[in-house]
Amino acid sequence: MRKITAGLFISLDGVVEAPDTWHFPYFNDEMGQSVGAQMQAADAMLLGRHTYEEFAGYWPHQDPEKEPLAEAMNSSAKYVVSTTLTSPSWQNTEVVSLAELAALRERPGGNISVVGSGTLVVSLLREGLLDELNLLVHPIVVGSGKRLFDDVREQIPLTLTTSTTFSTGVLNLIYTRA
């Protein structure tokens, strides 16, 4: 069975929004290897509608010669969890519901990796559909922005399976559902 995994850049105060404004000073080879391993294990992306719209507005217009990730982003299978998106324009994209994810996990293939989409990550945790949560906790207090667990009102027990500290002070924490 395929696993649904999620990897998020998160600040010490729980912010996952706009990591491009605070994340890059902490990126190094250690983090690159961690992110790369997660990408290598997956052959499909799972996106929320907002992240899908951002990516679909950007990646199809990138030159693979100048942006090495463009080919992988555009050619990979993409699943968008949405109740409002009806006709995705980005190649290799299928709209699915949360209820359809259990069947999607039964299809042959590698992991299905949630990219960004903090709201989707929380929904997957609530529904017991997320197999692995990989948090790259950055040693910075951002102060404002969307926090990963702002809207969670019930307990969601997790088990820490792996923890690594990078030389930049970033913690790589991998959790499964308890």
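What radius of gyration would a compact globule with 178 residues have, and what value does the protein chain have?

1. This note concerns a predicted model, and the opening question is a useful place to begin reading it. A compact globule with 178 residues would have a radius of gyration near 16 Å, and the protein chain has 16 Å, so the two agree. Along its principal axes, the C-alpha trace spans about 40 × 40 × 30 Å.

2. The secondary structure can be followed next. The protein chain holds five helices and eight strands, and, when it is read along the sequence, these elements follow the pattern β-α-β-α-α-β-β-α-β-α-β-β-β.

3. Strand β2, which covers residues 42–48, is a good element to find in the structure, since two pairings can be traced from it. On one hand, β2 pairs in the parallel sense with strand β5 (residues 111–115) over four bridges, and within this pairing A42 stands opposite N111. On the other hand, β2 runs parallel to strand β3 (residues 77–81), to which five bridges join it, and here G48 stands opposite V81.

4. Strand β5 also has a second partner that should be located, namely strand β1 (residues 4–11), with which it pairs in the parallel sense over four bridges. In this pairing, T5 of β1 has S113 of β5 as its bridge partner.

5. Are these strands mostly covered or mostly open to the surroundings? In β2, six of the seven residues are buried, so that this strand is mostly covered, and β5 is likewise mostly covered, with four of its five residues buried. For the protein chain as a whole, 41% of the 178 residues count as buried.

6. Helix α5, which covers residues 118–127, has the buried residues G118, L120, V121, V122, L124 and L125. Just after this helix comes G128, and a reader who checks the backbone there will find a positive phi of about 70 degrees.

7. Contacts can also be considered over the whole protein chain. Among the contacts with a separation of 6 or more, 71% are accounted for by residues that lie 24 or more positions apart in the sequence.

8. The surface and the charges complete the description. The protein chain exposes about 9500 Å², of which carbon and sulfur atoms supply 53%. It carries 12 positive and 21 negative charges, and the mean positions of these two groups are 6 Å apart.

Definitions and conventions
Residues are numbered from 1 along each chain as its sequence is written. This is a predicted model: local features need pLDDT of at least 70, side-chain atom pairs count only at pLDDT 80 or more; totals for chains, interfaces and linings use all residues. Side-chain values use heavy atoms; hydrogens and water are left out. Buried means under 20% relative accessible area, exposed over 50%, partly exposed in between (1.4 Å probe, protein chains only). Two strands pair if DSSP finds at least two bridges between them. The radius of gyration is taken over C-alpha atoms; the globule rule is 2.2 Å times the number of residues to the power 0.38. Contact means heavy atoms within 4.5 Å. Accessible areas come from the Shrake-Rupley method with a 1.4 Å probe; for residues, only the protein chains shown count as cover. Lys and Arg count as positive and Asp and Glu as negative; His and the chain ends are not counted. The place of a charge is taken as NZ of Lys, CZ of Arg, CG of Asp or CD of Glu.
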